[in-house]
Amino acid sequence: MSFKKTVCALDFPSRLSGCFLRGGALTPAYGTEAVGACPQRTTFAAYSYAAGKYFYCTDGELYVSDDGTRYSKLADTDGFAPFVTEDVDGGSVRVAVVAGDRAAIYAEGAFTTQKLPHALDCGAVHCGRLFGGRRFTVRWSGSGGLLDWEEGISESGSVTLDPERGEILGIKVFAGKLVVVRQFGLTVLSMYGSPENFSVDITDTSCDAVFRNTAQVVGYRLIFCTRSGLKAFDGVRITPFATRHPVSEATCSATYAGRYFAVCGEGIVCADADGESCLLEVCPGALFVKDGVFACNGGTVKRLTEGEGVYKFVTSAIDFGTARAKTLTAIELDGVAELLVDNGRESRVFENAGGIVRPRMRGQAFTVTVKSCGRIGRLDMTAEVTRGI
């Protein structure tokens, strides 16, 4: 005696690569397309619309490119991690790549180099001033912008933060304030008007160890990676940001079109605001944003092409709710895909499968691997299960 049972295989995901699973359907997320070149071992990359230039950095050298395919050395960085800022000087936009106490300035079509009075590891322009951080100290420039460091009650200055949350990893402008990303939490600064009005907000924003270069403003939240996973800060408190794919020990990040991208051990995890995510099996050294997201990978610049590329979806082992022997009689799918069906002892491949496929395979549990470049709106599996006596 036997009975038939049908399950939706999309309810049993084990691994998704290159696709989203949303609303009961698989859709391609991103493919990759080689579009340029960068130095080998690139650890930092950025594009400036104001300058119309690409910037790449290795462990000790900064490079610039006009077209993203050819690059030349711009400066040494002496091991400092760079950051890019833009401000306005005399009505003209000025771009600076800062690495420690050195700044490569692009203004009026030419580069110059400047030595700053203080070494900075990170920074952001806010209300016409550059706010930069190093160790426990936040420094701000005068009202003249990133090269104005004349000291005075209304000019440049600094504040040293309490050591409880560790050293400064980054500074982000969020909800009209400055958020200082630190080793073990966040510190919020209110920096409006003249320096005598600057203040450090009292907030309960401690957390476990934070990874550098992972904080990004995504919509109404600041998202960043900690030892225990992604976190989101809404301006008041830090809460977990749950995604389908766990993110741990991320090395760099980016945000584009309301999505958060983080590079971790398995590749690039891309997460929507609702936590739905996909994994792209590319492990670049740096990400940057232009008119899309770009990855620097082994001397090649790759563009993430939305809605393109072949993706893979793998189910967990499906036993139809019983350990009894059964025959997988049918797989019905809405779309076209390559299917690999495995019963633990043997596997069968069905190329260009669509509609109803009849594996007629015997076993206790089955896994199905789907490879496709289009939408799969349905993936139902039917088995004939042997009844016990």
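**Notes on an all-strand model**

1. V341 has V368, in strand 36, as its bridge partner. That pair is one place to start reading this model, which is predicted. The two strands behind it are strand 33 and strand 36, which run antiparallel to each other and are joined by 5 bridges. Strand 36 also pairs with strand 32, again in the antiparallel sense, this time over 4 bridges. If you want a residue pair to click on there, take K312, whose bridge partner in strand 36 is K371.

2. Stepping back to the whole chain: how many helices and strands does it have? The count is 0 helices and 37 strands. Along the principal axes, the C-alpha atoms fill a box of roughly 90 × 45 × 30 Å. The chain runs to 389 residues, and 49% of them count as buried.

3. Next, the largest nonpolar core. It has 28 residues, and the ones that touch the most other members are L26, I331, L339 and M381. At least two residues each come from strand 3 (19-22), strand 32, strand 33 (326-342), strand 34 (347-357), strand 36 (367-372) and strand 37 (378-386). Strand 33 has the largest share, with 6 residues. So strands 32, 33 and 36, the ones from point 1, turn up again among the contributors here.

4. The largest pocket deserves a look of its own. Its space comes to about 1,400 Å³. Which residues lie nearest its centre? Out of a lining of 47 residues, they are F44, F83, V84, K172 and Q216. The elements giving two or more residues to this lining are spread along the chain numbering as follows: strand 6 (44-48), strand 10 (83-89), strand 13 (122-126), strand 17 (168-174), strand 21, strand 25 (252-256) and strand 29 (286-289). Sorted by class, the lining has 27 nonpolar residues, 14 polar ones and 6 charged ones.

5. The second largest pocket holds about 170 Å³ of space. It is lined by 13 residues, with S17, G18, Y30, E281 and V310 nearest its centre. Strand 5 (30-37), strand 28 (277-280) and strand 32 (311-315) each put at least two residues into the lining. Which strand gives the most? That is strand 5, with 3 residues. The class split for this pocket is 6 nonpolar, 5 polar and 2 charged. Strand 32 is worth keeping in mind, since it is on the list for this pocket and also on the list for the nonpolar core.

6. On to one of the open sheets: 4 strands in the order 21-22-23-24, paired antiparallel. Why do strands 21 and 24 each have a side without a neighbour in the sheet? Strand 21 (216-218) and strand 24 (238-240) stand at the edges with a single partner strand each, so one side of each is left free of a neighbour. From one strand to the next, the twist averages 35°. At the strand 24 end, strand 23 (residues 229-233) pairs with strand 24 over 3 bridges, in the antiparallel sense. A232 stands opposite T239 of strand 24.

7. A further open sheet of 4 strands has the order 25-26-27-28, and the pairing here is antiparallel as well. Strands 25 and 28 are at the edges; each has a single partner strand, so one side of each lacks a neighbour in the sheet. The twist in this sheet averages 20° from one strand to the next. Strand 27 (residues 267-271) and strand 28 run antiparallel and are joined by 4 bridges, with V269 opposite L279 of strand 28. The edge strands tie back to the pockets: strand 25 gives residues to the lining of the largest one, and strand 28 to that of the second largest.

8. Last, the enclosed space. How many cavities of 30 Å³ or more does the structure hold? There is 1, and the largest cavity has a volume of about 30 Å³. Its lining is made up of V218, R221, I223, F241, G258, R259, Y260, A271, D272 and A273. Strand 22 (221-226) and strand 26 (259-264) are the elements that give two or more residues to this lining. By class, that makes 6 nonpolar, 1 polar and 3 charged residues. For orientation, strand 22 belongs to the sheet of point 6, while strand 26 sits in the sheet of point 7.

Note on methods:
Residues are numbered from 1 along each chain as its sequence is written. This is a predicted model: local features need pLDDT of at least 70, side-chain atom pairs count only at pLDDT 80 or more; totals for chains, interfaces and linings use all residues. Side-chain values use heavy atoms; hydrogens and water are left out. Two strands pair if DSSP finds at least two bridges between them. Axes are lines fitted to C-alpha atoms, for helices over the stretch in contact, and angles run from 0 to 180 degrees between N-to-C directions. On a 1 Å grid over the protein atoms alone, a cavity is a set of points where a 1.4 Å probe fits but cannot get out, and a pocket is an open set with protein on both sides within 12 Å along at least five of seven lines; lining residues have an atom within 4 Å of a point. Grid points are joined across faces, edges and corners, and a volume is the space filled by probe spheres set on the points. Ala, Val, Leu, Ile, Met, Phe, Trp, Tyr, Cys and Pro count as nonpolar, Asp, Glu, Lys and Arg as charged, and the others, Gly among them, as polar. A nonpolar core is a set of buried Ala, Val, Leu, Ile, Met, Phe, Trp, Tyr and Cys residues joined through side-chain atoms within 4.5 Å. Buried means under 20% relative accessible area, exposed over 50%, partly exposed in between (1.4 Å probe, protein chains only).
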